[in-house]
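Me: I would like to work through this model by question and answer, beginning with how it is described and ending with how its helices pack.

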Amino acid sequence: MRGILCPLAHYIFQFRSIYMNILIIEDELHLQEALAASLKKEGYQTDCASDGISGLELALSDRYDVILLDLMLPGLGGYQVLKQLRREKTESAVIILSAKSELEDKIAGLDFGADDYLTKPFQMKELFARIRAVTRRHGEVVRDELVFQDLYLNIRTFTLSSSATSHTLTLGSKEFQLMEYLMRNPKQVISRSRITEKIWGYDSEVEYNNVDVYISFLRKKLKHTGAHVEIRAVRGIGYTLQEAGADL
């Protein structure tokens, strides 16, 4: 029995961890890659930006649990990024990662709205502990279900169901990841390229029609659940999860 349960437990952990998204805004490529690799190994989902402008755009266009922010960034400095995020009332926890170790720098970062300040160089174990701490302070709780309207996605069992019927369907791994991403960003138009990067990775050679195929699979399963929710195509852009019949 143990030989069956242990691999399954590991499989469940990997998919439950997708629930936390982390944005890395760091211009040192080696450090950026090391951070992304270490975080992914721990089960987090990551996006990366190498300058302040693209980092700010990503931070404002998606929902991130934690943002790891360098201060010395090209284009737009870390303090400016942080001030703009707080001006826009972004709820993401922000951890500054900087070689600046003076007390004045740490105070400035915290006063501008950072949740924590970690001086480079640092140990990955300490960073993981800081991430856990700031998400606890922000009230982050990994729930068993994501909910949109009358649609439920169980992240323990990878099942899709609706309060409108008693039908429950099990999703495949890519179906689950795609449905999870859509339900974390309801009513937002998400491009095919963005979906491809999120689900298959930046270096993937998967073509956009793969996204269309999996969207088709999910639409059929949504219809079977009887949920009043639909995945709608936005011509020339991508897809959005909406309440059935709602205006875009």
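Reply: Helices and strands here are DSSP runs numbered from the N terminus, a helix having at least four residues and a strand at least two. The model is a predicted one, and on this definition the chain has 9 helices and 12 strands.

Me: In which loop is Asp70 found?
Reply: The unreviewed UniProt entry lists Asp70 for "modified residue: 4-aspartylphosphate". In the model, Asp70 follows no helix directly but lies in the loop between strand E3 (66-69) and helix H4 (78-87).

Me: Is Asp70 buried or exposed?
Reply: Leaving aside neighbours within four places in sequence, Asp70 is in contact with Ile25, Glu26, Asp27, Gly78, Leu97, Ser98 and Lys120. Buried means a relative accessible area under 20%, and because the value for Asp70 is 4%, Asp70 is buried.

Me: Over what arc around the axis do the buried residues of H9 lie?
Reply: Helix H9 (residues 208-225) has 18 residues and reaches 26 Å from its first C-alpha to its last, close to the 26 Å expected at 1.5 Å a residue. Its buried residues are Val211, Ile215, Leu218, Leu222 and Thr225. In an α-helix there are 3.6 residues a turn, so residues three or four places apart point the same way. The buried residues of H9 are accordingly on the same side of the helix, covering an arc of only 75°.

Me: Which residues are exposed on the other side of H9?
Reply: Beyond the end of H9 comes Gly226, whose phi is positive, near 80°. Within the helix, on the side opposite the buried residues, the exposed ones are Lys220 and Lys223.

Me: How many of the 12 residues of H7 are buried?
Reply: The end C-alpha atoms of helix H7 (residues 173-184) are 17 Å apart, which agrees with the 16 Å that 12 residues should span at 1.5 Å a residue. Among the buried residues of H7 are Phe176, Leu178, Met179 and Leu182, together with charged ones including Glu175 and Arg184. H7 is largely enclosed by the rest of the structure, because the number of its residues that are buried is 10.

Me: At roughly what angle do the axes of H2 and H6 cross?
Reply: Two packed helices are described by the angle between their axes and the distance between the axes. Ala34, Leu35, Ser38 and Leu39 in H2 meet Met124, Leu127, Phe128 and Ile131 in H6, and H2 passes H6 in a right-handed crossing. The axes of H2 (residues 29-41) and H6 (residues 124-137) come within 11 Å, and they cross at roughly 65°.

Key
Residues are numbered from 1 along each chain as its sequence is written. This is a predicted model: local features need pLDDT of at least 70, side-chain atom pairs count only at pLDDT 80 or more; totals for chains, interfaces and linings use all residues. Side-chain values use heavy atoms; hydrogens and water are left out. UniProt positions are given in the numbering used here, feature names are shortened, and annotations may be inferred rather than shown by experiment. Buried means under 20% relative accessible area, exposed over 50%, partly exposed in between (1.4 Å probe, protein chains only). Contact means heavy atoms within 4.5 Å. The expected span of a helix is 1.5 Å times one less than its number of residues. The arc is that of the directions from the helix axis to the C-beta atoms. Axes are lines fitted to C-alpha atoms, for helices over the stretch in contact, and angles run from 0 to 180 degrees between N-to-C directions. A crossing is left-handed if the near helix is turned anticlockwise from the far one by less than a right angle, and right-handed if clockwise.
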